[in-house]
Amino acid sequence: MKKIIHIYIYLISAISFGQQQTATYSVSPLPFEETDNITITFNGNSINEATWGVADNALYIWAWSWDLNLENSQGSPFRGTWDNSNEASRLTYNAGTDTYTISFVPTTFYGRTGIGRIGFLIKAKNGTGDKKSQDILVDVGLFQVSLTAPASSSTILNTGDNLNISASNSGGNANYVLKANGFTIDTQNNISSYSYTHNNITQNQNYALEVTLNGVTKTKTFSTITDPGKVYSVMPTTYQDGITYLNDTEAILVLYATGKDFVYVAGSFNNWQPDSSYAMKIDPTRNNKFWVKLTGLIPGQLETYQYWVIDKTPLAGSPTLVKVADPYSTLVLSSYDDSGIPTTSYPNLPAYPNTGNKFEVSVLQTAQTPYNWQVTNFAKPKKEDLIVYEVLVRDFDADRNFQDLIDKVDYFKNLNINAIELMPVMEFEGNESWGYNTAFHMALDKFYGTEDKFRELIDIYHQNGIAVILDIALNHAFGRNPMVRMWMDDPDGNGFGSPTSENPYFNTVAKHAYNVGSDFNHSNPRTKDYVKRVVKHWIEDFKIDGFRWDLTKGFTQNCSASDTNCTGSYQQDRVDILKEYVDYSWSLDPTHYAIFEHLGSDTEEKEWANYRFNEGKGVMMWAKMTDQYNQLTMGFSSNSNIGRMGYKAHAGFTGNRVMGYAESHDEERLMYKNITYGNSANVSHNVKDLNTALTRMPALGAITIPIPGPKMLWHFAELGMENSIFTCTDGSVNDSSGSNGDCKLATKPQPQWGDNWLGDPIRSQIYSDWSRMIDLKINEDVFEGDYSITTSTLTPKIYIWNNALPNLKNVVILANFDVTAQNVTPDFPYTGTWYDLIDETGNTSINVTNTASPINLSAGAFKIYGNQSSTLSNNDVVFANDFNLYPNPTTSSFQINKPVDTVSIYDITGKLILKFKGGFQKYHEFNISSISQGIYIVNIKTNNSTSVSKRLIIN
């Protein structure tokens with residue numbers, strides 16, 4: 001829970017929570033005006049810098065402020081970013097007194113005038129990971145107003161009750177004006193103590209007490225909620241939780257709020273001042289759900305709303321009134337996040353309304369124009385053929401939105417990817433996030449784009465034969481989630497809290513060892529209903545092809561937060577719950593993909609991998625193989641058993657449902673460890689050298705991608721991305737041992753596009769080779785056959801076969817991850833001609849007369865042999881984007897990443913300038929030193945008559 005502390009005395013001690021520390025501090029002078037020079041002092045002995053990884057006393061103040069009415073807040077222009085504080089905000093350490101200080105004039109430091117309150121906290125330079133103290137708030141000015149009655153910002157009344165209102169001010173006598181629902185009901189002048197009674201209140205009231213002294217007005221706001229009494233009414237069974245649209249002018253709202261006394265709906269349609277006609281009825285036949293019918297809506301007009309949920313006798317520490325958005329919202333507006341959303345990503349974003357509170361509001365809109373799907377019956381790739389590309393939208397390209405992925409569909413198509421898996425795109429807290437801090441599971445996060453833009457992405461990817469899978473986090477939710485907030489412990493009244501024992505959706509303490517946020521109770525029927533509704537929404541409204549279920553270990557109710565052994569062992573309730581969820585998804589879409597991030601024991605995982613496998617279903621299980629594969633790419637044989645990349649090494653798996661991977665979003669980059677810790681024993685093949693490490697990555701693909709069963713790639717592994725998972729936004733690297741904390745979740749730089757990695761011959765070789773391997777994997781039936789792996793060696797060997805096939809039925813894969821050349825015994829299954837399957841021409845082969853005759857492989861090299869050439873060799877569809885010229889621009893020469901037959905260079909008038917003919921291998925260097933500067937067209941022809949043209953700049 002986030003604590004807020006008001007300072008009215010000279011010395012105050014903040015309350016500690018989690019990593020947030022107790023900090024003793026003072027403000028001098030106090031009180032002060034906004035133009036005074038003030039000094040804030042923190043006692044050093046109250047801050048344990050080691051817990052934040054701080055060195056050299058590098059602590060910073062993070063500052064913000066409000067206007068005079070404490071409504072409009074904004075950050076100090078001197079604070080920098082959360083993961084990189086501005087040096088102007090660094091505190092001065094005074095060794096003699098063991099204190100930290102900073103002095104400033106508020107109007108200058110906060111960059112504004114008319115300041116009513118300042119806020120600040122202490123933090124590490126990189127505050128990621130909650131490396132900060134509690135929030136501190138200090139009122140500004142000699143003129144202060146204190147509201148003494150009512151005691152609460154919201155008071156519950158019965159019809160006809162009276163309300164006593166009292167207040168006082170400092171700084172001299174002032175004028176008081178009291179307004180109710182916008183109308184003045186009392187005025188008292190030239191006083192410093194105010195008292196008034198509003199009699200016979202029959203409807204909800206929003207009050208504003210305006211206090212003016214010397215031309216400065218400060219306003220205190222509060223409200224009363226009138227109990228409308230309980231009205232029971234049975235609603236049609238077709239009404240669903242959330243919004244049910246009846247027609248262009250009418251909609252039904254339904255809310256499950258067990259244990260609550262009454263609920264109002266406030267919104268733009270009643271000017272956020274609901275009367276009794278917006279009190280929700282109760283259906284006693286459907287778990288006492290609350291519901292209301294909205295009429296007179298304007299067709300197509302956006303409307304916003306919240307639920308005012310009232311418990312007249314709450315648990316101690318819980319609020320009487322909670323104002324929440326609809327848990328089933330498909331679009332929410334946020335006072336916290338929306339100002340940071342680029343208009344290019346979300347054009348015409350509705351403004352957050354003046355609701356009188358800061359929490360999310362829901363959006364409804366009748367008469368919406370349905371999206372015009374171009375693909376209505378997408379045929380999903382077979383599970384056995386899946387090559388899933390995991391991608392974080394935020395870090396894929398510079399605009400960090402759905403349009404980036406739409407624009408790059410050819411990048412995936414040319415790589416032959418047949419599925420992408422998006423890290424969570426549901427409405428999460430903040431804007432730039434991995435997405436696992438989900439607040440609304442049915443709403444898209446607007447930072448990435450609109451609903452129709454996301455549908456366009458899915459539609460375009462389906463047109464290109466690529467499935468779209470969503471990573472979905474349904475084991476937990478965070479503090480702005482309405483289902484957390486409706487039944488929460490909130491003793492400080494700031495609107496944030498943790499679930500109480502009354503909460504039907506969440507546990508008060510986590511029931512597994514890996515929890516973050518609030519832990520869903522999946523044994524509760526209400527949670528199950530919610531999960532199924534979320535599943536239905538994404539399948540039916542967005543045609544999503546599958547889910548990757550995050551942290552499925554968290555779906556049990558049998559363990560504790562401290563018991564990893566229990567969490568990792570077989571739990572029958574977890575098996576049953578997850579089978580129920582996938583059964584539901586398959587009832588909506590029989591070919592829907594189910595992928596579990598369980599990373600647990602085979603005893604439990606086999607339950608899902610084999611589940612309904614004979615029907616063509618079965619759950620695909622994530623198989624983390626990062627450490628083993630990284631040992632090989634670094635050039636070490638210890639801990640290099642890669643057998644579990646395939647299903648046969650998983651005990652009890654009868655179905656080929658292992659989705660193995662060498663990299664994922666949650667692991668350190670292989671390339672980063674290669675160049676940081678790689679084998680450097682051979683100077684001529686030093687793995688710590690970037691280019692050397694890159695040349696080893698095609699071999700990584702050779703011993704991962706072809707192994708039978710679905711596989712996953714983490715974005716830009718196919719280009720040899722070497723940036724650490726702990727790379728900060730500015731390109732520096734901070735892991736958890738650094739003085740400023742780690743940057744694991746930080747927004748990453750985008751060198752792959754800005755530095756044209758596809759134009760780099762070494763990086764593009766990885767892309768090209770992996771593309772070929774993926775093509776083989778998807779289109780050659782042998783890769784759905786049986787296999788064996790010789791592993792725990794720097795020269796692993798993989799054998800794949802299907803003797804029932806007529807042509808390509810045996811594949812032998814050899815690789816050398818040593819740092820010196822090795823003679824590898826291939827153990828071909830029989831003699832004869834064996835073809836190099838990576839050679840797209842199908843012309844490269846060897847004649848095997850002795851199956852054990854060694855093949856010499858240079859360091860980092862690999863071979864993929866087949867008993868026949870691939871059927872893909874001579875009839876591939878070739879795209880212009882398959883061909884890359886580099887460098888481009890150039891001065892005297894260029895290369896092409898494909899074998900070509902003829903290269904013709906034309907000027908912009910169409911005149912032939914230079915021609916090369918004769919059959920050239922890929923990366924042949926074409927000398928153009930005789931050509932003057934300018935822009936030219938290069939026409940490329942291959943030996944199978946493919947012709948493409950590319951632009952070349954010579955400078």
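Student: What makes β21 and β22 a pair, and in which sense do they run?

Tutor: This is a predicted model, to begin with. Two strands pair if there are at least two bridges between them. Strand β21 (residues 242-245) and β22 have four bridges, in the antiparallel sense, so by that cut-off they count as paired. I243, for instance, stands opposite L253 in β22. The two strands form a hairpin, with five residues between them.

Student: Which other strand is joined to β22, and by how many bridges?

Tutor: That's strand β25 (residues 289-294), joined to β22 by five bridges and running antiparallel to it. The bridge partner of L255 in β25 is F290.

Student: Why is β22 called mostly covered?

Tutor: Buried means under 20% relative accessible area, and five of the five residues in β22 (residues 251-255) are buried. Look at the faces too: A251, L253 and L255 sit on one side, I252 and V254 on the other, and all are buried. In a regular strand, side chains alternate between the two faces of the sheet.

Student: What makes V812 buried?

Tutor: The cut-off is under 20%, and V812 has a relative accessible area of 0%, so buried is the right word. V812 is found in strand β46 (residues 810-815). Not counting residues up to four places away in sequence, V812 touches I798, Y799, P826, F828, P829, W834, K863, I864 and Y865. One of those, I864, is 52 residues apart from V812 in sequence and 5.9 Å apart in space, C-alpha to C-alpha.

Student: And T942 lies in a loop; why is T942 called buried?

Tutor: With the limit at under 20%, the 12% relative accessible area of T942 falls under it, so T942 is buried. The loop in question lies between β57 (934-941) and β58 (947-954). Leaving aside neighbours within four places in sequence, T942 is in contact with F883, P899 and D901.

Student: How do you know that Q557 and N521 make a polar contact?

Tutor: The limit is a pair of N or O atoms within 3.5 Å, and the side chains of Q557 and N521 are joined by a polar contact of 3.5 Å. Q557 lies in the loop between β39 (546-549) and α7 (564-568). Beyond its neighbours within four places in sequence, Q557 is in contact with residues including K511, F520, H522 and D573.

Student: Why are α8 and α9 called roughly parallel?

Tutor: Helix α8 (residues 572-588) and helix α9 (residues 602-609) pack at an angle of about 20 degrees, with their axes 10 Å apart. That makes α8 roughly parallel to α9, because angles under 35 degrees count as roughly parallel. Their crossing is right-handed. In the contact, R574, V575, L578 and K579 from α8 meet E604, E607 and W608 from α9.

Student: What makes β13 and β18 edge strands?

Tutor: Start with the order, β13-β15-β18: these three strands form an open sheet with antiparallel pairing. β13 (145-149) and β18 (193-201) each have a single partner strand, so one side of each is left without a neighbour in the sheet. From one strand to the next, the twist averages 20 degrees.

Student: How do you know that β13 and β15 pair?

Tutor: Same kind of check. The cut-off is at least two bridges, and β13 and strand β15 (residues 161-169) have four, in the antiparallel sense. Among the residues that face each other, S146 stands opposite S168 in β15.

Terms used: Residues numbered from 1 in each chain as written. Predicted model: local features only at pLDDT ≥ 70, side-chain atom pairs only at ≥ 80, totals over all residues. Heavy atoms only, no water. Contact = heavy atoms within 4.5 Å. Polar contact = N/O pair within 3.5 Å; in protein donor to acceptor, adjacent residues only side chain to side chain. Buried < 20%, exposed > 50% of the residue type's maximum accessible area, 1.4 Å probe, protein only. Axes fitted to C-alpha atoms, helices over the stretch in contact; angles between N-to-C directions. Parallel < 35°, antiparallel > 145°, perpendicular 65-115°, else oblique. Left-handed = near helix turned anticlockwise from the far one by under 90°.
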